[in-house]
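Please open the structure in your viewer and keep the selection panel at hand. The tour below proceeds stop by stop.

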Amino acid sequence: MARILVVDDSAVILQVIRDQLVEAGHEVITAGNGKQTLEVARTFRPDVILLDIEMPEADGIEVCRILKHDPALSSIPVIMSSAHDRDEDVVEGLSAGAHDYVIKPYHWPAVLARIQAALRTKAANDLLEKTRRDAERAFENERMLVRQLLREAFDRKRVEEQLRESQERFKNISDHALDAIIMMDHEGLISYWNPAAERIFGWSTEEALGKGLHHFLAPERYHRAHEAAFPAFQQTGQGPAVGTVSTLSALRKDGTEFPIELSLGSVRLGRKWSAIGVVRDIAKRQAEEAAVRESEERLQTIMQSIQTGILVIDAETHQIVDANPAATEMLHSSREQVIGRACHDLITTAGGGKCPITDMGGTLDRTERELLRGDGTSLPILKTAVLATLRGRGCLIESLVDISDRKRAEEKLKENNAMMVNALEGEKRASMQLEATMERLEEAIEQAQAATQAKSEFLANMSHEIRTPMTAILGFAESLLDPSLAEADRREAVQTIRRNGEYLLEIINDILDISKIEAGKLEVERVAFPLVELIEEVRLLMQVRADGKGLPLEIEYAGAVPETIRSDPTRLKQILINLIGNAIKFTEQGKVRVVVRFVREEATCTNSGRPGPFVQFDVIDTGIGMTHEQMSRLFKSFTQGDASTTRRYGGTGLGLMISKRLATMLGGELTVRSARGSGSRFSVTVGVDPLDSASLIDASAQATRTVPAPSPQPTVERCRLDCRILLAEDGPDNQRLISFVLKKMGAEVTVAENGKIAYEEALTARDAGSPYDVILMDMQMPVLDGYTATRQLREAGYSGPIIALTAHAMANDRAHCLDAGCDDYAAKPIDRLKLQEAIAAQLSDERQAPRTRHRSSNALIDGLEGDPEIEELISTFVNNLRERVDALKRHLADGDLAALASLAHQIKGTSGNYGFPELGDQAKRVEQAAKTGMDLESLANVVGHLIDMCGRVCATSGRASTSETPSATRASHQ
């Protein structure tokens, strides 16, 4: 059965041909075009290819040529087929390499016969190819055999020549060697004896060969050891002396003993071991060594007894090789500490750091130097060095003479001569120092005066900025106590308090931001967000201020901008709000315009000179403008253009400094151009990540248009919580307030007074099959704090949601809570809607019962304004303050700082929630003072302020003595 590849672009024809060929007993594979033909042929290697000429992509003629040019496919017979019987088609097909040609419609007996003929031809060709390859392999094998025989013959001849050369070299070396070379065979008899052996031992070669080596040459005292070791040598070729160099005695022909040095080795000849020994006569050398030792002993005796310090130094390495006792005494070091040291480590070098003898070619060096002693002191010496040779090696012999007495006398004379000169110079220096001190004092006074003035201006500015909203807050808070106040007035008072409180919060946030920036703690994030949406949010926020002054606020897009950028949206919004707010503040007539442009990666920012990509915002106003001197003070902390600006327009002077720092942190820069009376242009650039995948949008339709005021936002119903909550809170006021709020949201609340109770209650409910849906965990509680309680719950396998509650509001506090095992974080004073959202986020979908709700940043009390139940809670809180005042006094008198800090923490955590943030701030100061161990006198002063404020809160709320009137309370906050 043959494998036949049939190629035709007609599926019908392919099926007909397949049926015929399968019926004839062949295996059939098919292809519909030329490209498939090549792929199938390479994969299946058919025996015959029936190839249609007319096909898409590549016709049969082209495919046939490709097949025949492929060495792996060229042997496959190709039968071309066509519906045309033109002679030129037949000729072209056969010229392309086809084996045969058939005409459609097929005459199947003829087609099958042609296929059989092609198969026979392929078989013959395959057989012929196999025969050719077999012949080539046989010829190659014969050629390799001949080559191998020739190589073996050549190698044998080369080995013989090398052996002859080796023997000649050995004989030549042996005959001219100064040492005796002796060989002993496996029976212990001398089998080789060179001329040097004849000279050293006195025996001729004829006399020595065949003699027992040890009895012939070795003294009798060595015989027993040889007899004991020789049998092992005969078996293994090893022995105690094999492979070593030994110093022994030997016998000459005249019977005299002389010292020798024997190097012994073994060699296997055939299957038996022989020994080869190299013997050197060392009698002369030993005599010379003895003479050298005697000479060295005499030299050492001289060096040990002479009182002049002597050092022997290697001329090449400059290392000390010997030192006599006088030298080591002068060096205050032992001989072991001196030997091996470089001479310049102990003796100061000559000019240029070069040795006068070894480096400069001298023969004698006699100079004054310093000897650097082991105890850190130095000794003046007269050093004399001469070049000598010891043991064939160049060395320096240096003698050291102590000249310290002479030097002291010289120094005394110099001191006496210099005393008067020094006195005159000292007087001159004192005068110059006094003058320099006066100049520095004047500069310090000027700097202190400038710092004092800046501090005074900042304190006055901050006092004004804080007292202005506080006046409104205290005044309207007092008006709320009037029971006859109309509901509309009551709501207006609450909104006024909220607005001024938010402004105070902005001031506090600015101070916190600048503190974080100065401490290097402020971090920025890089997230993707839509650029135009952020600008729209800023527009909506700032439009109210612009409308209040009757100013148009225009947004202009200078070209296409990215639809999405990657930066920090919160900090970018903070910068834009500050710049636009300043532009509105300092503009009375005209307009405020914001121009947005995208600076591409290949461009450079026009302001900072940094490469793109950037987004640039130009905030342009027609306001009062600034002088060059005013602009130079703009980006410094707590400063504005000048004092009159602060008095007229307000502000803390922090916003621009923060904005500039933030712009730098976002990879850009904030710059300003302005002229007095001609408005200002603040330009801020923000670096964005490469935007290969971000699309640019054309926002020009929004360019140069006045932004309309935002439409009123509808009041949307809050979501309702349907869940069970465990509230872990130690402050009774917070327990009542937060429980009330949660219940108003629809939650069922259980209160735990400390972390230990919360831990036990949570596990009991879980084990009973009714776990709490959410745990609200205050992080600072007695018995067991929230951090420890959360960790222990997680270690016990509790997996339910835990939300941290804490009065701390720094960025790392959130990370601290999450590290303890909490799922989310809420800061005090509680924002009702944020708390509501945090709880809802932890509930499963079916427990949330969500409804569309409106996000607000109102404080907790603001969100419950006018509710009679909240008024009752506030009254309870104020009543409890009197008991806490008594406890504060008691803890202070007892010196119980831990109890004092715990009580202050409770007051701090609850005061803000009930609308008394200043009381919370003072409680925080008491808590910190108690924890840091402040002295009792200072601590009593801080606690006294807190007790004072508690009394004013009680008086203002009508819950304490009327001796302190509301007007007095308000005056105390001014």
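The pLDDT is the predictor's confidence in each residue, on a scale from 0 to 100. The model shown is a predicted one; its mean pLDDT is 79, and 82% of the residues reach 70 or more. Colour the chain by this value and select residues 702–717, where the pLDDT is below 50. Beyond near neighbours in sequence, the stretch 702–717 has 37 contacts in the model. Next, select residues 845–866, again with pLDDT below 50; this stretch has 54 contacts in the model beyond near neighbours in sequence.

Now turn to Ala11, which belongs to helix H1 (residues 11–23). Is Ala11 buried or exposed? Its relative accessible area is 60%, and exposed means over 50%, so Ala11 is exposed. Add Gly32 to the selection: 21 residues separate Ala11 and Gly32 along the chain, and their C-alpha atoms are 7.7 Å apart.

Proceed to Ser333, located in the loop that lies between helix H11 (325–331) and helix H12 (335–338). A polar atom of the Ser333 side chain lies 3.2 Å from the backbone oxygen of Leu331. Which residues does Ser333 touch, not counting those up to four places away in sequence? They are Thr328, Val338 and Gly374.

For the final stop, select Leu441 in helix H14 (residues 404–479). Leu441 has 46% relative accessibility and therefore counts as partly exposed, a class lying between the limits of 20% and 50%. Extend the selection to Leu434, Met438 and Ile445: together with Leu441, these residues form a nonpolar surface patch with about 380 Å² of accessible area.

Methods
Residues numbered from 1 in each chain as written. Predicted model: local features only at pLDDT ≥ 70, side-chain atom pairs only at ≥ 80, totals over all residues. Heavy atoms only, no water. Helix = DSSP H or I, 4+ residues; strand = E, 2+ residues; numbered from the N terminus. Polar contact = N/O pair within 3.5 Å; in protein donor to acceptor, adjacent residues only side chain to side chain. Contact = heavy atoms within 4.5 Å. Buried < 20%, exposed > 50% of the residue type's maximum accessible area, 1.4 Å probe, protein only. Patch = residues over 30% accessible without salt bridge, like charges linked within 9 Å, V, L, I, M, F, W, Y side chains within 5 Å. Areas by Shrake-Rupley, 256 points an atom, 1.4 Å probe, with all protein chains shown as cover. Salt bridge = Lys/Arg side-chain N within 4 Å of Asp/Glu carboxyl O.
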